[in-house]
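Me: I've got a structure open and want to go through its aromatic side chains with you. Mind if I keep asking how each label is earned?

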Amino acid sequence: DGTTRVTVPQPVPPRAGRYTALHVRQGGKWFLAAVRESDVELPSSVSRLAGLGWLIGQWQAKREDTTVQTRFQWIANKSFIRRDSSVHRGGVEVSSGSQIIGWDPTSGQIASWSFDSSGGHGSARWTPSSEGWRIESQGVLADGTPTSSHEALVRVAGEDNVFGWRSF
């Protein structure tokens, strides 16, 4: 008896299975007499995050001497999306951070947890909207100052490589 796990290149999630093999010995040699296999469903929240799958990849925004670079990638059997970002001004990194986005079964919605290079952190709840996503965030700066924001993540219609992010 055993288990298998097959991992293939993205965007297909890994597959798993169980098997039972029966070996017999005849004339001093071992032979495979029978094998039974069955698929095993791997737990994943990929279906709940499907509406954000278009973000996967690398993104960049520039304005004058400031560049924001962001990378979204699937992690943990596509149960979460990780966003890593950095801000460069005049060629020097001035801030960076990471965010984990996933399904929160206690609230019944998508949530995220963010951490920045200065020591600040926060969490947010994501709600789909007609234009994309509404994000309600709260957190704390490294010095203990509380923060909150209302954000909009908008996918630009007809554009696969453009999205808008507004915080107010």
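**Aromatic pairs and their labels**

Reply: Go ahead, and keep in mind that this is a predicted model. By the ring-centre rule, the count comes to six aromatic pairs.

Me: What makes Trp54 and Phe163 an edge-to-face pair?

Reply: Their centres are 5.8 Å apart with 75° between the planes. Pairing needs centres within 6.5 Å, and planes over 60 degrees apart count as edge-to-face, so the label fits. This pair links distant parts of the chain: Trp54 is in the loop between β3 and β4, Phe163 is in strand β12, and 109 residues separate them.

Me: Why is Trp54 called buried?

Reply: Its relative accessible area is 17%, and buried means under 20%, so Trp54 qualifies.

Me: And why does Phe163 count as partly exposed?

Reply: Phe163 has 23% relative accessibility. Partly exposed runs between the 20% and 50% cut-offs, so that is where Phe163 falls.

Me: How do you know that Phe72 and Phe163 pair up too?

Reply: The ring centres are 6.5 Å apart, with 75° between the planes, giving another edge-to-face pair. Phe72 sits in strand β5 and Phe163 in strand β12, so the pair ties together parts 91 residues apart in sequence. Phe72 has 2% relative accessibility, so it counts as buried.

Me: Which residues make up the aromatic cluster?

Reply: Trp54, Trp59, Phe72 and Phe163 form one cluster.

Me: What makes Arg48 a charge over the ring of Trp103?

Reply: The charged end of Arg48 is 4.3 Å from the ring centre; the distance limit is 6 Å, so that part of the test is met. Arg83 also lies over the face of Trp165, at 5.6 Å from the ring centre.

Notes. Residues numbered from 1 in each chain as written. Predicted model: local features only at pLDDT ≥ 70, side-chain atom pairs only at ≥ 80, totals over all residues. Heavy atoms only, no water. Phe/Tyr/Trp six-rings, centres within 6.5 Å; stacked < 30°, edge-to-face > 60°. Helix = DSSP H or I, 4+ residues; strand = E, 2+ residues; numbered from the N terminus. Buried < 20%, exposed > 50% of the residue type's maximum accessible area, 1.4 Å probe, protein only. Lys NZ or Arg CZ within 6 Å of the ring centre and 35° of its normal.
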